[in-house]
Amino acid sequence: MAYYGIDVSYHEGEIDWTRAAAGCPRFCFVRAGYNNQNGSVTVDARFAENTEGSIEAGLDTGLYLYSYARTTEASRASALRFIEMARGYELTMPLVLDLEDVNVYQPLGREQTTRVAAVFLETLEEAGYYAMLYSNTYFANHYIDMSQLSAYDFWVADYTDWLSYTGPYGIWQYTDRGVIDGIEDRVDLNITSKDYPSIIRRAGLNHLPGGNIKTGSRVCIRSCASVYARTGEAIPSSAKQRPYTVGCIRSSAAYLCGLKQWVYLRDLTLK
């Protein structure tokens, strides 16, 4: 099965997330910003707006950070800041290092560039997040020793009819000229055959609530639950008195068969 998604930053301007989610995307990566040579992070002007909008619209959401870091010290410091930014959200897609700036990394050489990436990704992984590397085919082939980063999934940008990257990858960004209703500018489009939200939940990563709940689980609604996830309607007490089977999970909510409603994972407990 193929899953389609988008990635956005302040460049796309104000997004109508209801309209955007009604189209083809199942997932979205939001730019958190970029790191600097001293390890600090400059936050994307629409980071919070886009992250909240994507999650509330029901898209499985991840974050990425563009890299200018030249040292392992700066890379680790920026990864820690990135983690702090991620902790405020229920993210069901990976956290991603965007490594592609030739002007920054060509002078460093392949060995140092690879170390910078490795430290960043290791820091994310140590913090309990699903870590991923993003780059384009040319950069990956010439400036990174990909064999040293084989423990991490690769999100590759390659705007050709047939993907020319020959190594393993998890997500293919196949165009930067996509048209999505609700987004005025052209937008990057991506495709994957991996169900990352299910993988992340099964592995207990990303500090998600309801991490052990999966499709097919028998669950009950917690007595403290207040409203349904999609409609905002109040959950009646009668709905909390019987078990349900989870039909599917998307972002931070589960669809309960029998009830025919979406309920936040934080409001569910295993039967």
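How many aromatic pairs does a search of the whole structure find? In this predicted model, the search returns 15 aromatic pairs. One of them is formed by Tyr 34 and Tyr 68, whose rings meet edge-to-face at 5.5 Å centre to centre, with 90° between the planes. Tyr 34 belongs to strand β2, whereas Tyr 68 is in the loop between β4 and α3, so the pair ties together parts that are 34 residues apart in sequence. Tyr 34 has a relative accessibility of 26% and therefore counts as partly exposed. Tyr 68, with a relative accessible area of 28%, is also partly exposed.

A further edge-to-face pair consists of Tyr 64 and Trp 155, with 6.3 Å from centre to centre and 90° between the planes. Tyr 64 is located in strand β4 and Trp 155 in strand β7 (residues 153-157), so this pair ties together parts that are 91 residues apart in sequence. Tyr 64 is buried at 10% relative accessibility, and Trp 155 is buried with a relative accessible area of 1%. Both values lie under the 20% limit that defines a buried residue. Tyr 64 and Trp 155 also belong to one aromatic cluster, together with Phe 27, Phe 29 and Tyr 134.

Helix α3 follows the loop that holds Tyr 68. The helix comprises 15 residues and extends 21 Å from its first C-alpha to its last, close to the 21 Å expected at 1.5 Å a residue. Its buried residues are Ala 74, Ser 75, Ser 78, Ala 79, Phe 82, Ile 83, Met 85 and Ala 86. The elements that cover these buried residues include the strands β2 (27-35), β3 (41-43), β4 (60-66) and β5 (95-98), as well as the helices α2 (47-56) and α5 (110-126).

Glu 73 is also placed in α3, which spans residues 72-86. In contrast to the buried residues of the helix, Glu 73 is exposed, with a relative accessible area of 58%; this value is over the 50% required for that class. The side chain of Glu 73 is joined to that of Thr 72 by a polar contact of 3.4 Å. The C-alpha atom of Glu 73 is 8.4 Å from that of Asn 38, although the two residues are 35 positions apart along the chain.

Elsewhere in the chain, an open sheet is formed by five strands in the order β13-β12-β11-β10-β14, with antiparallel pairing. The edges are occupied by β13 (261-264) and β14 (268-270); each has a single partner strand, so one side of each is left without a neighbour in the sheet. From one strand to the next, the twist averages 50°.

At the β14 edge, strand β10 (residues 218-221) pairs with β14 in the antiparallel sense over three bridges, and Cys 220 stands opposite Thr 269 of β14. Strands β11 (residues 244-250) and β12 (residues 253-257) run antiparallel and are joined by five bridges. Within this pairing, Cys 248 has Tyr 255 of β12 as its bridge partner. Tyr 255 in turn stands opposite Trp 262 in β13. The antiparallel pairing of β12 with β13 comprises four bridges. These two strands form a hairpin with three residues between them, and Gly 258 in the turn adopts a positive phi of about 90°.

Notes: Residues are numbered from 1 along each chain as its sequence is written. This is a predicted model: local features need pLDDT of at least 70, side-chain atom pairs count only at pLDDT 80 or more; totals for chains, interfaces and linings use all residues. Side-chain values use heavy atoms; hydrogens and water are left out. Buried means under 20% relative accessible area, exposed over 50%, partly exposed in between (1.4 Å probe, protein chains only). A polar contact is a pair of N or O atoms within 3.5 Å; within protein, one must be able to donate a hydrogen and the other to accept it, and residues adjacent in sequence count only if both atoms are side-chain atoms. Two strands pair if DSSP finds at least two bridges between them. Axes are lines fitted to C-alpha atoms, for helices over the stretch in contact, and angles run from 0 to 180 degrees between N-to-C directions. The expected span of a helix is 1.5 Å times one less than its number of residues. Contact means heavy atoms within 4.5 Å. Rings of Phe, Tyr and Trp (its six-membered ring) pair if their centres lie within 6.5 Å; planes under 30 degrees apart count as stacked, over 60 as edge-to-face and the rest as tilted.
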